[in-house]
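Work through the exercises below with the model open. Try each task before you read its solution.

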Amino acid sequence: MTNFSDNQMQSLVLSQVPVGERVKIVALACDEANARLLGMGLAPGVEVEVISHLPSGSVVVAYGQQRVGLGAAMAQRIEVTQVAHAEVSKLRTAAVGSTLRVVGYETTAADYKRKLLAMGLTPGTILRVKRHAPLGDPTEIEVRGFALSLRKAEADALRVQSVPGGQL
């Protein structure tokens with residue numbers, strides 16, 4: 001598998017992208033399947049994350065709230081380029097008003113992970129920091145149109161990444 005270099009923008013095909021990497025679609029060369037891919041939202045300029053990659057070259061990608069499986073032949077014909085990685089941080093350290101994407105949970109916070117998932121804070125979910133209490137407990141966020149307050153331990157269990165453009 002190809003590994004990305006931090007200082008190098010590579011153009012490659014989707015079937016070569018390692019699991020966990022975010023890439024931007026550059027071109028579709030799937031002939032009659034192009035219209036179908038465009039209809040599913042897979043178009044040039046769309047950022048996707050590879051969440052599964054089989055040795056055959058088949059991949060499962062995530063974008064927005066969708067997951068799509070692509071066969072090896074199709075993944076081989078989708079040209080992509082690397083997306084710069086945003087720094088992963090904790091919710092409590094985020095500035096008020098910032099827009100963030102949930103990227104995961106702390107490994108030591110298994111109990112809180114279950115609660116956060118039940119509250120709708122699944123990986124890929126976009127949220128906005130509304131305010132932090134004076135002593136940092138709780139933190140209020142807006143997620144999926146609702147206001148939600150998280151205690152320090154819950155906020156510390158959540159790993160987030162800044163979203164460029166700041167759209168919910």
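The exercises go from the sheet to the cores, the salt bridges and two loop residues.

This is a predicted model, in which local features need pLDDT of at least 70 and side-chain atom pairs count only at pLDDT 80 or more, while totals for chains, interfaces and linings use all residues. Residues are numbered from 1 along each chain as its sequence is written, and side-chain values use heavy atoms, with hydrogens and water left out.

**Exercise 1. Trace the order of the six strands in the open sheet.**

Step 1. Find the strands, which are DSSP runs of E with at least two residues; helices are runs of H or I with at least four, and both are numbered from the N terminus.

Step 2. Read across the open sheet: the order is β1-β6-β2-β3-β4-β5, with antiparallel pairing. Two strands count as paired if DSSP finds at least two bridges between them.

Step 3. Look at the edges. β1 (11-13) and β5 each have a single partner strand, so one side of each has no neighbour in the sheet.

Step 4. Check the twist. Neighbouring strands of this sheet are turned by 45° against each other on average, direction ignored. The axes behind such angles are lines fitted to C-alpha atoms, for helices over the stretch in contact; angles run from 0 to 180 degrees between N-to-C directions.

**Exercise 2. Find the bridges that join β2 to β3, β3 to β4, and β4 to β5.**

Step 1. Begin with β2 and β3, an antiparallel pair with three bridges. Here Lys24 has Glu47 of β3 as its bridge partner.

Step 2. Move on to β3 and β4, which run antiparallel and are joined by four bridges. Val50 is partnered by Val61 of β4. The hairpin of these two strands has five residues between them, and Gly57 takes a positive phi near 110° there.

Step 3. Finish with β4 and β5, antiparallel over five bridges. Val61 turns up again, with Val68 in β5 as its bridge partner.

**Exercise 3. Locate the largest nonpolar core and list its residues with the most contacts.**

Step 1. Set the rule. A nonpolar core is a set of buried Ala, Val, Leu, Ile, Met, Phe, Trp, Tyr and Cys residues joined through side-chain atoms within 4.5 Å. Buried means under 20% relative accessible area, exposed over 50%, and partly exposed in between, with a 1.4 Å probe and protein chains only.

Step 2. Name the residues. The largest core has 20 residues, and those with the most contacts inside it are Leu14, Leu42, Val48, Val61, Leu70, Ile78 and Val80.

Step 3. Place them. β2 (22-28), β3 (47-53), β4 (59-63), β5 (66-70) and β6 (78-82) each supply at least two residues of this core. Apart from it lies another core of 18 residues, including Leu121 and Leu148.

Step 4. Zoom in on Val61. Beyond its neighbours within four places in sequence, Val61 contacts residues including Leu14, Val48 and Val68. Contact means heavy atoms within 4.5 Å.

**Exercise 4. Pick out salt bridges and say which parts of the chain they link.**

Step 1. Count. There are six salt bridges in the structure, each a side-chain nitrogen of Lys or Arg within 4 Å of a carboxyl oxygen of Asp or Glu.

Step 2. Take Arg22 and Glu49, which meet at 3.8 Å, N to O. Arg22 is in strand β2 and Glu49 in strand β3, so the pair ties together parts 27 residues apart in sequence. Arg22 is buried at 16% relative accessibility; Glu49 is partly exposed at 28%.

Step 3. Take Glu154 and Lys115, whose closest N and O atoms are 3.0 Å apart. Glu154 is in helix α4 (residues 152-157) and Lys115 in helix α3, 39 residues apart. Glu154 is buried, with 8% relative accessible area, while Lys115 is partly exposed at 42%.

Step 4. Take Asp137 and Arg151, with closest N and O atoms 3.2 Å apart. Salt bridges that share partners also join Arg22, Glu47 and Glu49 into one network.

**Exercise 5. Which backbone oxygens do the side chains of Thr125 and Ser98 reach?**

Step 1. Place Thr125 in the loop between α3 (110-118) and β9 (126-132). Thr125 is buried, at 1% relative accessible area.

Step 2. Follow its side chain. It reaches the backbone oxygen of Gly120 at 3.4 Å, and a polar atom of the Thr125 side chain lies 2.8 Å from the backbone oxygen of Thr122. A polar contact is a pair of N or O atoms within 3.5 Å; within protein, one must be able to donate a hydrogen and the other to accept it, and residues adjacent in sequence count only if both atoms are side-chain atoms.

Step 3. Turn to Ser98, in the loop between β7 (88-90) and β8 (99-105). The Ser98 side chain reaches the backbone oxygen of Ala95 at 2.6 Å.
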